[in-house]
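Me: I am new to this structure. Please take me closely through one part of it, the side of chain A that touches chain B.

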Amino acid sequence: MRIALFVTCVNDVAFPGTGIAAVRVLERLGVEVDFPEAQTCCGQMQYNTGYPAEARPLAEKFARDFRGYEAIVVPSGSCGAFIRDIHPRLSAAAEPPPVYELTEFLLDVLKTEDVGAYFPHRVAYHPTCHSSRLLKLGDRPTRLLSRVEGLELVELPGAEECCGFGGTFSVKNPDVSAAMGADKVAHAVASGAEFLVAADNSCLMHIGGTARRAAAPIKTLHLAEVLAATKEKA
Amino acid sequence: MKTDVGMPSFPAAARVATKDTQLRANLTRATHTIRDKRAKAVAELEDWAELREAGKQIKDHTLRHLDRYLIQLEKAVTAAGGHVHWAGDAAEANRIVADLVKATGETEVVKVKSMATQEIGLNEALAAEGITAYETDLAELIVQLGDDRPSHILVPAIHRNRTEIREIFRTKMAAWGRPAPENLTDTPADLAEAARLHLREKFLRAKVAVSGANFMIADTGTLVVLESEGNGRMCLTLPETLISVVGIEKIIPTWQDLEVFLQLLPRSSTAERMNPYTSMWTGASDGDGPSEFHLVLLDNGRTDTLADEVGRQALRCIRCSACLNVCPVYERAGGHAYGSAYPGPIGAILSPQLRGTASEIDASLPYASTLCGACYEVCPVAIDIPEVLVHLRERVVENEPGHKAERAAMKAATYAMTHPAAYRAAEAVAIKTRKLQPKKKLPIGPAKAWTDSRDLPELPKQTFRQWWKETHR
């Protein structure tokens, strides 16, 4: 099977390790991954900040860049939901091929729960708002995590509460955003986990940045990177 | 009572509130308690999803034919001996109510808790005409005595703890009527008893009452109020004259439709299967409750809201406040930051539509959300609040000044993102200068807003795109 990876603009520049991890997991499972190099950004930031006219060309470009692929895999719940739900509403020329967030693709298309990963650490999973409320990933991420060798999954208190990132909310309402971030970090620390794992690096950038500033004993890591980890690499 | 005129922007008000650790602790405890109870009350009903869909459809149907149902309601109320008045805005509604009270020769009224009269600032308008309005809902009484503003739709004094309430009763009750008992403690039973004694003389003396309504049934002209304390029942039955100020969107076609909402509202609001008091009245009748009944139908921006295809869903709201209780932003910022009788997520989409987006507070409300979607999930009439917030952001950036730099940045981002060469160049610059980029405490703008509380991530040596070229081409 041949799919196209939409790495997302944030991952491309700031978190390439997540894109690399997604490619490694998919290739390990025998999927032929392509990376259409014209791809840039889905336009969610523009749209959610009140600029649909600036988001529209990006949605149309996205459909052009990915035309002809059987499926698109995205290592981001938020971008995945935006492309799937909003792109078709922005423009008739913006209907993309089927879009799957990484865990959806692994479980719903490949029907694989055990991806052969090894990650000997204590992990808490944070269900980011768009991955849980818009994409409705449900227990897909934790089903995958619970099959990772050596991994101990611990419960995150207040897991369903937003971390306070919210795109431009993080800078338009910095005080509320920081207060929410601090509470999320406190919950992550209270869980006893070494790593807080999620399906969205934008949220993790906010949580991780808050944790680093506070010198809190918790590291943040994208789910794809946990699923890519193996004994050979460890 | 204080009003919301001239409120600062949401972020400015929230900055103060987030530093108030007592307030945050009060709000977290209160909202989480009611949030968990609501979840249990809703989970009891297997057909909740169907009820929610029915509630949404009944409201949408009614709003689509609002003209017809309003005329039907007016006819039914009039036929039952009531009088119907039409108020285009707050000033007109206040004028009508003041004149009606004056015509009775009275100078005081008792009030049932009502969002519509908070919205129009009726108490202040009546005070200016020499008429005293007494709030009789316990929490509204606390707010009124404390010269305060409500901060929650259902629990207006949610920001007060019982020590503060005792102090308010002890120092302020005497100026409004019967003083608080000597040696008042801060136990809930004692505080409730003090309020009972204080309010009882008001109920027995009052000749005029002012209420809102949760629902108006077009078919029969019946008004419906749901409440918990019985103060509403007192106000609705004891006085000679009853004046109800109700938003035009509160209409439903028939009694059968009411069945849906009598299930949706209590479970969403107080997490009860059924609320303690449900009062219903049709017009006026001699010897049984008020002999004079006036219905003031309030527009005050609702027709304009109805004209907006995306925004109109806000008019489905039944004021349950479930969205406030699950909102992480409300929990940290508190209700006062929303600068309106309607705080929380519903306020963030209702106030800018009812009042327009010209003021600082109204222009900032659509951004008072992370778009996490918790509000939409619990809304009993399925108002897609995040969708309306994003829609209103578009309206703000188009109509209000102060977004020039942001628009330029968005346009530049889209240009770069649609021109691969420009995108690659920007990426290359970002990566090459990564060692020069500070991670902490930047001085101005969005970078300051981010780095005040958070480190920036250090950019990697190589983008994904570069890695792909090296490994897959």
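Reply: Here is that side of chain A, followed by the contact inside the chain.

This is a predicted model, where local features need pLDDT of at least 70, side-chain atom pairs count only at pLDDT 80 or more, and totals for chains, interfaces and linings use all residues. Residues are numbered from 1 along each chain as its sequence is written, while chains are lettered from A and ligands numbered from 1 in the order in which they are written.

Start with the count. Chain A brings 50 residues into contact with 51 residues of chain B (contact: C-beta atoms, placed from the backbone, within 7 Å).

Several helices of chain A give two or more residues to this side, among them helix 1 (9–13), helix 2 (16–28), helix 3 (44–49) and helix 10 (174–190). Helices here are DSSP runs of H or I, at least four residues, numbered from the N terminus. Helix 10 of chain A gives the most, with seven residues.

By class, this side has 25 nonpolar, 15 polar and 10 charged residues. Ala, Val, Leu, Ile, Met, Phe, Trp, Tyr, Cys and Pro count as nonpolar; Asp, Glu, Lys and Arg as charged; the others, Gly among them, as polar.

Now look inside chain A. Its domain assignment gives domain 1 (2–109) and domain 2 (122–228), with bounds from an automatic or database assignment. Their centres, taken over C-alpha atoms, are 21 Å apart. The contact between them takes 26 residues from domain 1 and 23 from domain 2.

Helix 2 of chain A gives the most to the domain 1 side, with six residues. That side has 12 nonpolar, 10 polar and four charged residues.

Terms used
Two residues are in contact if their C-beta atoms, placed from the backbone, lie within 7 Å.
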